[in-house]
Amino acid sequence: MTVGLKTMSLIKSSRRVRRSLNVRNVSDQLLADGEVKKTRISLNINTNMLKIGFLGGGKMAQALAKGFIRAGLSKGDMILASCLPNDTGSVETFKAMGSKSVFTNNTVIDYGDILILSVKPQVVPQVLPELKNSKKLLISIAMGIPLALLEKALPQGTPVIRVMPNTPALVGCGATVYTRGKHAGDKEAEIAEKLFSAVGFCEEIQENLIDSVTGLAGSGPAYICMVIEALADGGVKMGLARSTAYKLAAQTVLGAGTMIRETNLHPGQLKDDVSSPAGSTISAIHYLEQHGLRSALIGAVEAATLRCRQVTAEFEKK
Ligand SMILES: NC(=O)c1ccc[n+]([C@@H]2O[C@H](COP(=O)([O-])OP(=O)(O)OC[C@H]3O[C@@H](n4cnc5c(N)ncnc54)[C@H](OP(=O)(O)O)[C@@H]3O)[C@@H](O)[C@H]2O)c1
C-alpha cells in the first residue's frame with residue numbers, strides 16, 4: 001500500500017498546525033483565585049538550564065533524565081538522583097550521563113530547583129515527610145497519588161504538578177499528561193510541559209481524568225507489546241523467522257500509529273482503506289471481531305483505570 005498525495009499533504013498540514021499552536025487547557029487566570037495566589041510560594045528557577053533532582057533513580061527517572069539532557073533543557077552535571085545503595089545499575093546509568101547520584105533524598109531536595117518524585121507509589125508515603133520543608137517545584141510521576149495528598153505534605157503554597165508519563169519516554173516517544181496543583185501557575189506548567197515534551201507528546205488534563213490516562217497510555221505499552229508478540233507468533237506460525245516477525249509486527253504498529261497521529265484521519269477510515277472486497281484483511285477483521293478484540297481492549301483500559309482509582313482510594317484512606 002502507498003500513502004497517497006492527499007494523505008501526505010494532511011501529514012504536512014497537521015505538523016504545521018501542531019508547531020504553531022501552544023494549546024493549554026487550563027489557564028493560570030482561571031485556576032488561581034485570590035486566596036491561593038496570596039499563599040503561593042514564588043520560585044526562582046533558571047529555565048535556561050534546569051537544576052533537577054530525582055527522588056528515586058529508577059527506570060523512568062533515567063529515561064526522563066536522558067530526554068531532558070538530549071533536548072538541552074538540562075545538563076548531565078545539573079542532574080542529581082537518589083538511588084538506594086544496592087542499586088548499582090542505576091548509579092552507573094547516571095554516571096554514564098555525567099550525573100551524580102546519592103543515597104539520601106535530603107541532598108537531592110536541597111540541590112534541585114525542580115524535584116521529580118519518581119519512586120514507586122508504595123514508597124511515596126515514606127519519602128513525603130522528607131519534603132516537609134521543601135519550597136521547590138515538585139513534579140510527581142507516581143501513579144495514583146493525588147495532588148491533594150502531595151500538597152498536604154509540603155509547605156503551604158508549594159507548587160506541585162502531577163504527571164503521568166509512559167515507558168516509550170525511554171525512546172523519546174512518550175505520551176504524557178500533566179495536571180497542576182492549586183499553587184502551580186502558568187510558569188510551572190510551562191516548565192512541566194517543556195520537560196515532558198522533550199520525551200514525546202505532552203498535554204494538560206484535569207486531575208479527575210488522570211486515572212483513565214493511566215489505563216490507556218500509562219499501561220498501554222504493555223497491551224501493545226502483547227499485541228506485537230501475538231502478531232509475531234502468527235507470522236512464525238505461517239513460516240516467518242522469529243526475528244523478521246518481531247521486526248514486521250513492531251514496524252506495523254509504529255506505522256499504523258504514526259499514520260493516525262499525523263493525518264488525524266479516523267482509524268476506521270484507515271482500516272477501511274486496507275480492507276478490499278473479498279480480500280484477506282476483511283477475513284482477518286471478521287476473525288478478530290468474532291474473538292472480541294475490541295471488547296478485550298476496552299475492558300483492559302477499564303480494568304486498569306479502576307485499579308488506579310482503587311490505589312488512590314487506599315492512599316486517601318491512610
Ligand atoms: N514504568 C512505567 O511504565 C510508569 C509509567 C508512568 C508512571 N510511572 C511511575 O514512575 C514511578 C517510578 O517507576 P519506575 O518504573 O521508574 O520504578 P523503579 O524503576 O522501581 O524506580 C523507583 C526507584 O526508586 C528507588 N527507591 C526505592 N525506595 C526509595 C527511597 N526511599 N528513596 C529514594 N529512592 C528509592 C528504587 O530503588 P530500588 O529499585 O532499589 O527499590 C528505584 O530505583 C512510579 O511511581 C510509577 O508509578 C511508571
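In this predicted model, helix 14, spanning residues 280-290, is hardly covered by the rest of the chain: among its 11 residues, the count of buried ones is 0. Just after helix 14 comes Gly 292, whose phi is positive, at about 70°. On the other side of helix 14, the loop that joins it to helix 13 holds Ala 278. Here too the backbone is worth a look, since Ala 278 has a positive phi near 60° without being a glycine. As general background, most residues other than glycine have a negative phi. Ala 278 counts as exposed because 6 other C-beta atoms lie within 10 Å of its own, and the cut-off for exposure is 12 or fewer.

A second residue of this kind is Asn 264, which has a positive phi of about 60° although it is not a glycine. Asn 264 sits in the loop between helix 12 (242-263) and helix 13 (267-273). Its surroundings hold 12 other C-beta atoms within 10 Å, so Asn 264 is classed as exposed.

Helix 10 offers a contrasting picture. Of its 9 residues, 7 are buried, so helix 10 is largely enclosed by the rest of the structure. The buried residues are Ile 210, Asp 211, Ser 212, Val 213, Thr 214, Gly 215 and Gly 218. Their cover includes two strands, strand 6 (160-164) and strand 7 (174-180), together with helix 11 (220-237) and helix 15.

The packing of helix 10 on helix 15 can be described further. In general, two packed helices are described by the angle between their axes and the distance between the axes. For helix 10 (residues 210-218) and helix 15 (residues 293-317), the axes come within 8 Å and cross at roughly 135°. Helix 10 is therefore oblique to helix 15, and the crossing is right-handed. On the side of helix 10, the contact is made by Asp 211, Ser 212, Thr 214, Gly 215 and Leu 216, while helix 15 contributes Val 301, Glu 302, Ala 304, Thr 305, Cys 308, Arg 309 and Thr 312. Sorted by class, the residues of this contact are 4 nonpolar, 5 polar and 3 charged. The spacing of contact residues along a helix can be read with the helical repeat in mind: an α-helix has 3.6 residues a turn, so residues three or four places apart point the same way.

Another enclosed position is found in strand 8 (residues 200-204), where Cys 202 is located. Cys 202 is buried because 20 other C-beta atoms lie within 10 Å. The C-alpha atoms of Cys 202 and Thr 176 are 4.6 Å apart, although 26 residues separate the two along the chain. Beyond the residues up to four places away in sequence, Cys 202 touches Thr 176, Tyr 178, Glu 193, Phe 196 and Ser 197.

Next come the positions annotated in the UniProt record. Its unreviewed entry gives "binding site" for Leu 55, Gly 56, Gly 57, Gly 58, Lys 59 and Met 60, and also for Asn 105. Within the stretch from Leu 55 to Met 60, Gly 58 lies in the loop between strand 1 (52-55) and helix 4 (59-70), whereas Lys 59 belongs to helix 4. Gly 58 has 18 other C-beta atoms within 10 Å and so is partly exposed. Lys 59 counts as partly exposed because 15 C-beta neighbours fall inside 10 Å. Leaving out residues up to four places away in sequence, Gly 58 touches Ser 90 and Ser 118.

Asn 105 is located in helix 6 (residues 105-111). With 21 other C-beta atoms within 10 Å, Asn 105 is buried, because the cut-off for burial is 20 or more. Apart from neighbours within four places in sequence, the contacts of Asn 105 are with Leu 55, Ser 82, Val 127 and Glu 130. One of these partners, Leu 55, is itself among the residues that the UniProt entry lists under "binding site".

Finally, some totals place these local features in context. The protein chain comprises 15 helices and 8 strands. Of its 318 residues, 32% count as buried. Among contacts with a separation of 6 or more, 63% join residues 24 or more positions apart; the pair of Cys 202 and Thr 176, at 26 residues, is an example of such a separation.

Notes. Residues numbered from 1 in each chain as written. Predicted model: local features only at pLDDT ≥ 70, side-chain atom pairs only at ≥ 80, totals over all residues. UniProt positions renumbered as here; feature names shortened; annotations may be inferred. Helix = DSSP H or I, 4+ residues; strand = E, 2+ residues; numbered from the N terminus. Contact = placed C-beta atoms within 7 Å. Axes fitted to C-alpha atoms, helices over the stretch in contact; angles between N-to-C directions. Parallel < 35°, antiparallel > 145°, perpendicular 65-115°, else oblique. Left-handed = near helix turned anticlockwise from the far one by under 90°. Nonpolar A, V, L, I, M, F, W, Y, C, P; charged D, E, K, R; others polar.
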